[in-house]
Structures are given as structure tokens and as C-alpha cells.
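Subject: Structure handover

Hello,

Here is the structure for your records. My notes on the side-chain pairs follow below it.

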Amino acid sequence: MIKVVGDRFCVPYTMELLAKKKIQSFSNSHYDVFDTTGNILLQVDGGIWNLQKKRVMKDPAGLPVVTLREKEWQMHEGESRHCLCSVKRSGGFNIKSNLDVHLASPYKDAACDFRVTGSLASLSIKVRRGNSIIAEVTHSYTWGSYKGKECFKIKVYPEVDYAFIVALLVIMQENDNA
């Protein structure tokens, strides 16, 4: 099982999700994440252009699940300061904006735990742990994309934390738009 945010976000089957992003203002955007039956699973509010430079992911009840802070992008549990992982661009010059994800642990070596490859500009990203793909995201361009409404199809493989994958999508989207 690959859990970063929590085991309640890990399911024993491949999960198909739909994330809809709506730009609400120059400094704020909102994501709604649905399952295949249309049930809302997660919501993400905030934007990197706001003063706090954070985004808060909430469950359907409105409770904070994780907070993303743009200080070399850190993922925190709920709205606490307990760091779950840090995310930064891979070293070197890349046309694609690859990300390295390092889990928070005092016993860690320098190697990254996960790697996000591709870019939303190329319409897809893949999340890998070692050589294994654990999730895939495709960006669906429509006329709404030009009006500040975007749509992403997310495929999360069994026993993988889907809240963690959604958080990585938000970070990748912010990096591609920065």
C-alpha cells in the first residue's frame, strides 16, 4: 500500500477520477474531484498568487485533508505544520517539468521516493515509484479550457493514495503555469 496522506484514500482497485479546475480570479482557482458516479471526493482551494501561497485540500465534509505550501512545495497533514513530503523540480534543464517527491523521514537518503514525469502542456503526466507507474493523468482540452475551466482524467492504481496523487496534480499544474 502506498499511503502518504492516509489509508482512507487507498482502495483495493484501480480508481478513475475526474478533476475539474475552475479559475475564480487572477489569484485563486478551485478544483473539484469526482469519482465515476459523480460523487465529490475532494476539493482544493487557493492559489500560489495569494499572499499565503498555499492550497487547502478538503474532504466532502469540508474538513482539511492536506495543505500545500509553496516553499519548495511542501505537503502538510490537514492544516498543521506536520510535513508529509516535499516536492521540487528535478535537477538539470528539462523541457518537461519533472518533479521529485521526497517523503518526510529523519532516516532518509537523498534519493527521491516518487517521480512525476511529463507535463500538462503535453497532455499527460505519470507518477512513478521506482520503475512502476502508480498513477496517470491526462489533460482534456476543450473550449472551456480557454475560459478558465479545465478537466483532468486521473487513473490511480490499486492501493495508491488518491489524495496524494491529486495533490501532485495541483503542484504540477501550478509549476506549469508559473
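Relative accessible area is sorted into three classes: buried is under 20%, exposed is over 50%, and partly exposed is in between, computed with a 1.4 Å probe on protein chains only. The model is predicted, so local features need pLDDT of at least 70 and side-chain atom pairs count only at pLDDT 80 or more, while totals for chains, interfaces and linings use all residues. Residues are numbered from 1 along each chain as its sequence is written, and side-chain values use heavy atoms, with hydrogens and water left out.

Salt bridges

A salt bridge here is a side-chain nitrogen of Lys or Arg within 4 Å of a carboxyl oxygen of Asp or Glu. The structure has five of them; three are described below.

One of them joins D7 and K3, whose closest N and O atoms are 3.8 Å apart. D7 is partly exposed at 44% relative accessibility, and K3 is also partly exposed, at 49%.

Another pairs R115 with D100, with 2.7 Å between the closest N and O atoms. R115 belongs to strand β9 (residues 114-119) and D100 to strand β8 (residues 99-103), so this salt bridge ties together parts that are 15 residues apart in sequence. Strands (E, at least two residues) are DSSP runs, numbered from the N terminus. R115 is partly exposed at 34% relative accessibility, whereas D100 is buried at 10%.

The side chains of K126 and E136 also form a salt bridge, at 3.6 Å from N to O. K126 sits in strand β10 (residues 124-129) and E136 in strand β11 (residues 132-140), so the pair links parts that are 10 residues apart in sequence. Both residues are partly exposed: K126 has a relative accessibility of 25%, and E136 has 23%.

T67

T67 is part of strand β5 (residues 64-69). T67 is buried, with a relative accessible area of 0%. A polar atom of its side chain lies 2.5 Å from the backbone oxygen of G78.

Contact means heavy atoms within 4.5 Å. With neighbours within four places in sequence left aside, T67 is in contact with K54, R55, V56, Q74, M75, H76, G78 and E79. G78 is thus on the contact list of T67 and also supplies the backbone oxygen at 2.5 Å from the T67 side chain.

Regards

Definitions and conventions
Helix = DSSP H or I, 4+ residues; strand = E, 2+ residues; numbered from the N terminus. Polar contact = N/O pair within 3.5 Å; in protein donor to acceptor, adjacent residues only side chain to side chain.
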